[in-house]
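Reader: I would like to learn how to read burial, backbone angles and helix packing from a set of coordinates. Could we work through an example together, one feature at a time?

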Amino acid sequence: MSSTIKTVVKEPLGEYNNWDANKVQNDDSAAHRWYRFVLSFPPHLVRDYLDDFGVRNGGLVLDPFCGTGTTIVESKKLGISGVGIEALPMAHFASCVKTDWRPSPDGLAEHARRVADKTLCRLKADNIQDPPFFSDPSGSTNGLRTLPPEVAKILLRNSISPLPLHKVLVLINVLEEEQDKQFLAHEKLALAKALVADISNLHFGPEVGVGKCKDDAPVVAAWLSRVNAIVEDLRQLPRKNSATAQVFLADARQIPEILEPESVDAVITSPPYPNEKDYSRTTRLETVLLGFAHNMSELRTLKKTLVRSNTRSVYKTDDDDMWVKGHRKIESIAREIEERRTMLGKTSGFERLYHRVTKLYFGGMARHLETMKRVLKPGAMLAYVVGDQASYLRVMIHTGQILASLAKSQGYEPVRIDLFRTRLATATKEQLREEVLVLRWPGKRQSAGRKYSHD
C-alpha cells in the first residue's frame with residue numbers, strides 16, 4: 001500500500017477516554033439501548049462521519065455489516081434514510097425493531113402488562129414465583145418446560161438455568177397466545193435484552209462465556225422493565241419521520257442482488273475483525289429461544305453467509321481466499337502464522353486453520369468491496385471501523401492498512417485512517433489500535449484492476 005495514506009487522530013478521541021469513546025452517551029440511548037452488541041461502535045461516531053461526509057436529508061446511508069443497527073438508527077434520528085445488511089437473524093431482527101417507531105407507547109405498555117399478568121398467573125399455578133423471593137434453589141426440576149435435545153445442543157452449556165428457562169418458555173407461550181402484531185416484535189426484542197442482561201448465566205468480557213449459574217432469576221419483571229424502556233423511548237422518538245430504514249437478511253458479499261445501482265451516498269460500518277470471535281455465539285441464546293435456529297444444520301447454514309473471521313466458521317468449500325491470491329502482505333502474514341504454529345507445536349484443528357482463516361477473511365472483504373462498487377454513487381464516501389489484531393499466535397495483523405490496500409487495488413481512493421481508540425489485547429496485554437478507514441469511490445471510469453505485486 002502506498003505510504004501516502006494519512007493516519008490521523010479524530011478530535012472526538014480527545015473528548016473521551018478509551019472506555020467512553022465506545023460508550024453510548026445518555027442523550028443517545030433512545031432506541032440504541034433496546035438491544036446492542038457488546039463493543040458495538042457508538043452513535044456519536046456515526047454522527048461524526050455523516051457530518052464529515054456531508055450527508056444530509058435525501059441521502060442514503062448503507063451499513064453492509066449492520067449488526068444491531070447503530071448506523072441506521074442514528075441516521076433515521078437525523079432524518080437520513082438508511083439501509084442495513086445483516087446475515088445473523090437475531091441481529092437483523094434487532095435492527096428491524098430498533099428502526100420501527102410506529103407502535104403506540106401506551107398500547108405497548110398496556111399489552112405488555114396483560115401478558116405479564118397472565119404469565120404470572122400461569123407460573124403461580126405451577127407454584128413458581130417471579131420475582132423469586134421465596135424460591136427453593138434445591139427444588140426439583142421435574143415437570144419444568146425445557147427445549148428439545150436438538151435445540152438445546154446448540155446452546156452454550158449452562159447458559160441458562162432450568163427454572164429461569166421454564167419461566168422464559170412460559171412467557172414466550174403467553175406472548176404467542178396474546179400476540180398483537182403491533183407489539184410482538186418489540187416485546188420479543190425486550191425479552192432478548194432481558195435474557196442476556198438479567199436472566200441468563202452469560203457474561204461478556206468481551207467474549208461470551210458462562211459465569212456463575214443462577215438457580216433462579218426474575219423473568220417477568222426483567223422483561224417488563226425492558227419493555228418499559230422501549231415505551232419511554234417511543235414517547236421521545238418521532239412517530240412520523242421522512243427518513244426510511246430498511247434491513248435485509250443477506251450476505252454482505254452479495255450486495256448488488258439487493259440494492260439499485262449507484263444508489264448509495266455513504267457507507268458507515270464495522271465489519272468483523274480477523275480474530276476468534278464467533279459472532280453467532282454472541283447471540284446464540286436469543287437466536288434459539290426466539291426461534292431463529294432449531295438445530296446444528298440451520299446454524300451452519302446461517303454461518304456460511306458470514307465473512308469468515310474465525311476458525312469456527314471455516315468450511316472445506318470456502319474459496320474467498322482466491323480473491324487475495326498474490327497479495328504479498330496477506331500471504332506473508334499467513335505464512336508467519338503457520339510457521340509459528342509449527343514452531344510452537346500447536347496441533348489442534350482450530351490452530352491449524354489460523355493461516356487459512358486469515359486469507360479467507362481478507363478474501364471475503366475483497367469480494368465485498370468489489371461487489372459494493374456497483375451500488376455506490378460516484379464520489380460516495382465510506383468509513384470502516386476496524387481493529388488491529390494479534391489473536392493468531394500473536395502475529396500482528398494491521399487490518400485497516402491491509403483493507404486500504406485491497407480497496408486501492410479495486411479502484412477506491414484511500415483517504416486516511418483515523419485512530420478511534422486503543423484497546424487492550426487479551427493475549428499480549430498491548431494496546432491495539434481501533435481505527436476508521438476512510439475511502440472514496442471515484443466512479444467506475446477510474447476503477448483500477450486488482451494488482452497486488454507491490455503490496
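Reader: In which element is aspartate 233 placed, and is aspartate 233 buried or exposed?

Author: The model is a predicted one, and in it aspartate 233 belongs to helix H10, which spans residues 220-236. The general idea is to compare the relative accessible area of a residue with a cut-off, and a residue under 20% is called buried. Aspartate 233 has 1% relative accessibility and therefore counts as buried. Leaving aside residues up to four places away in sequence, aspartate 233 touches Ser29, Ala30, Ala31, Arg33 and Trp34.

Reader: One of those partners is Ala31; where does alanine 31 lie, and what is its phi?

Author: Alanine 31 lies in the loop between helix H2 (18-21) and H3. Its phi is positive, about 75°, although the residue is not a glycine. Alanine 31 is also buried, because its relative accessibility is 0%.

Reader: Which other residue, not a glycine, has a positive phi, and is that residue buried or partly exposed?

Author: Glutamate 262 has a positive phi near 50° and is a residue other than glycine. Glutamate 262 sits in the loop between E6 and E7, and its relative accessibility of 40% is why it counts as partly exposed.

Reader: What does glutamate 262 touch, if residues up to four places away in sequence are not counted?

Author: On that count glutamate 262 touches Arg374, Val375, Leu376, Lys377, Pro378 and Lys444. To read such a contact, set the separation in sequence beside the distance in space: glutamate 262 and methionine 372 are 110 residues apart in sequence, while their C-alpha atoms are 9.7 Å apart.

Reader: Where is histidine 294 found, and how many residues separate histidine 294 from lysine 153 in sequence?

Author: Histidine 294 is found in the loop between helix H12 (284-289) and helix H13 (296-303). From histidine 294 to lysine 153 there are 141 residues in sequence and 9.5 Å in space, C-alpha to C-alpha. With residues up to four places away in sequence set aside, histidine 294 touches Glu150, Val151 and Ile154. Its relative accessible area is 38%, so histidine 294 is partly exposed.

Reader: What share of the contacts in the protein chain join residues at least 24 apart?

Author: Among contacts between residues at least 6 apart in sequence, 79% join residues at least 24 apart. The chain has 455 residues, of which 55% count as buried, and its secondary structure comes to 16 helices and 10 strands. The exposed area is about 20200 Å², with 48% supplied by carbon and sulfur atoms.

Reader: How should I read the packing of two helices, and at what angle do H9 and H10 pack?

Author: One takes the angle and separation of the axes, then the hand of the crossing, and then the residues that meet. H9 and H10 pack at an angle of about 125°, and their axes are 8 Å apart. The two helices are therefore oblique to each other, and their crossing is right-handed. On the H9 side the contact is made by His186, Glu187, Ala190, Leu191, Lys193, Ala194, Ala197, Asp198 and Ile199, and on the H10 side by Ala222, Trp223, Arg226, Val227 and Ile230. Sorted by class, this contact has nine nonpolar, one polar and four charged residues.

Reader: Why do such contact residues recur at intervals along a helix?

Author: An α-helix has 3.6 residues a turn, so residues three or four places apart point the same way.

Reader: What is the hand of the crossing of H5 and H9, and which residues meet there?

Author: The axes of H5 and H9 come within 10 Å and cross at roughly 125°, so this pair too is oblique. The crossing of H5 and H9 is left-handed. Met90, Phe93, Ala94, Val97 and Lys98 in H5 meet Ala185, His186, Lys188, Leu189 and Ala192 in H9. By class, there are seven nonpolar, one polar and two charged residues in this contact.

Reader: How many residues of helix H4 are buried, and against which elements do they pack?

Author: In H4, residues 70-77, seven of the eight residues are buried, namely Thr70, Thr71, Ile72, Val73, Glu74, Ser75 and Lys76. These buried residues pack against helices H3 and H5 and strands E2, E3, E6 and E7. After H4 comes glycine 79, with a positive phi near 80°.

Notes: Residues numbered from 1 in each chain as written. Predicted model: local features only at pLDDT ≥ 70, side-chain atom pairs only at ≥ 80, totals over all residues. Heavy atoms only, no water. Buried < 20%, exposed > 50% of the residue type's maximum accessible area, 1.4 Å probe, protein only. Helix = DSSP H or I, 4+ residues; strand = E, 2+ residues; numbered from the N terminus. Contact = heavy atoms within 4.5 Å. Areas by Shrake-Rupley, 256 points an atom, 1.4 Å probe, with all protein chains shown as cover. Axes fitted to C-alpha atoms, helices over the stretch in contact; angles between N-to-C directions. Parallel < 35°, antiparallel > 145°, perpendicular 65-115°, else oblique. Left-handed = near helix turned anticlockwise from the far one by under 90°. Nonpolar A, V, L, I, M, F, W, Y, C, P; charged D, E, K, R; others polar.
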